[in-house]
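Student: I have a structure to study and would like to reason through it with you, one question at a time. Could we begin once it is in front of us?

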Amino acid sequence: MSVLGRTHRTQAERREQTRTALLDATIDCLVDLGYARTSVQEICARAGVSKGAVQHHFSAKAELMAAAVEHLTEKLRGRLAASITALPGGASGVAAAIDLLWEGYSGTLSTAATELWVAARTDPELREAIRPVDRALGRSTLEHVTAVAGDLPKERAEILFWLTVNLTRGLALDAELGGDPKRRRQLLDEWKRVAVMLYEDTTA
């Protein structure tokens, strides 16, 4: 019985390794090639698995794409959660939280998500697949942010959070388009100044 148990776990571990390899390869393709040039064949080649392995784990390309972004956001969400809970209270915590959200919503996540959202505009199946992933990331991160917001009313914390998310996404897109990094830093610093001022006015 124990031998069978070990065999079962090994098979489960292999399936999980294959799935993880496919998801990592999908993110790499989205970042390196863009959505239009990302094919299942290329994903399989990078993951070192057969095309049948993809069909075993995912019923459609849209499902694979959404799962890949979810895989990436889960890792980032865990990282964000740990960092946010360690933030100091008060105004300094507000500025630090904005820096964390910028870090989380830019970079690899932003590149992959932007590729998918642009494609999803004309692909209803893809749009339906990635929408719940995006919403789940927002809800989870918002919960952590409001939990460390101190005396800030929940409604105000949510407004500051969504303003920050939309700003950082816009700045991340600016980075993708080759915008001026100095200007992005100035805009982020200015938003931190305004957010801290709003926080102090609300909690005074």
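Student: Is Leu171 buried or exposed?
Tutor: Bear in mind that this is a predicted model, in which Leu171 is found in helix α8. A residue counts as buried when its relative accessible area is under 20%. Leu171 has a relative accessible area of 6%, and therefore the word asked for is buried.

Student: How far apart are the C-alpha atoms of Leu171 and Val145?
Tutor: Along the chain, Leu171 and Val145 are 26 residues apart. In space, the separation of their C-alpha atoms is 20 Å.

Student: Which element gives the largest share of the largest nonpolar core?
Tutor: In soluble globular proteins, nonpolar side chains tend to be buried together. Here the largest nonpolar core has 41 residues, and those with the most contacts inside it are Tyr35, Ile43, Met65, Leu116, Leu126 and Phe161. Two or more residues each come from α1 (2-33), α2 (40-47), α4, α5 (91-105), α6, α7 and α8. The largest share, eleven residues, belongs to α4.

Student: Which residue has its charged end over the ring of Tyr35?
Tutor: Tyr35 is among the residues with the most contacts inside the largest nonpolar core. The charged end that sits over its ring, 4.7 Å from the ring centre, is that of Lys61.

Student: How are the rings of Phe161 and Trp162 arranged as an aromatic pair?
Tutor: A pair of aromatic rings is described by the distance of the centres and the angle of the planes. For Phe161 and Trp162 the centres are 4.8 Å apart, with 70° between the planes. Planes over 60 degrees apart count as edge-to-face, so the arrangement of Phe161 and Trp162 is edge-to-face.

Student: Which word, buried or partly exposed, fits Trp162?
Tutor: Its partner in the pair, Phe161, has 2% relative accessibility and so counts as buried. The range from 20% to 50% is called partly exposed. Trp162 has 37% relative accessibility, and therefore Trp162 counts as partly exposed.

Student: Which element gives the largest share of the lining of the largest pocket?
Tutor: The largest pocket, with a volume of about 320 Å³, is lined by 18 residues, and Ser110, Ala113, Thr114, Trp117 and Arg169 lie nearest its centre. The elements that give two or more residues to this lining are α4 (61-85), α6 (107-120), α7 (124-147) and α8 (154-176). The largest share, seven residues, comes from α6.

Student: How many residues of that lining are nonpolar?
Tutor: The lining of the largest pocket includes four polar and two charged residues. The number of nonpolar residues in this lining is twelve.

Note on methods: Residues numbered from 1 in each chain as written. Predicted model: local features only at pLDDT ≥ 70, side-chain atom pairs only at ≥ 80, totals over all residues. Heavy atoms only, no water. 1 Å grid on protein atoms, 1.4 Å probe; cavity = no way out; pocket = protein on both sides within 12 Å on 5 of 7 lines; lining within 4 Å. Points joined across faces, edges and corners; volume = space filled by probe spheres on them. Helix = DSSP H or I, 4+ residues; strand = E, 2+ residues; numbered from the N terminus. Nonpolar A, V, L, I, M, F, W, Y, C, P; charged D, E, K, R; others polar. Phe/Tyr/Trp six-rings, centres within 6.5 Å; stacked < 30°, edge-to-face > 60°. Buried < 20%, exposed > 50% of the residue type's maximum accessible area, 1.4 Å probe, protein only. Lys NZ or Arg CZ within 6 Å of the ring centre and 35° of its normal. Core = buried A, V, L, I, M, F, W, Y, C linked by side-chain atoms within 4.5 Å.
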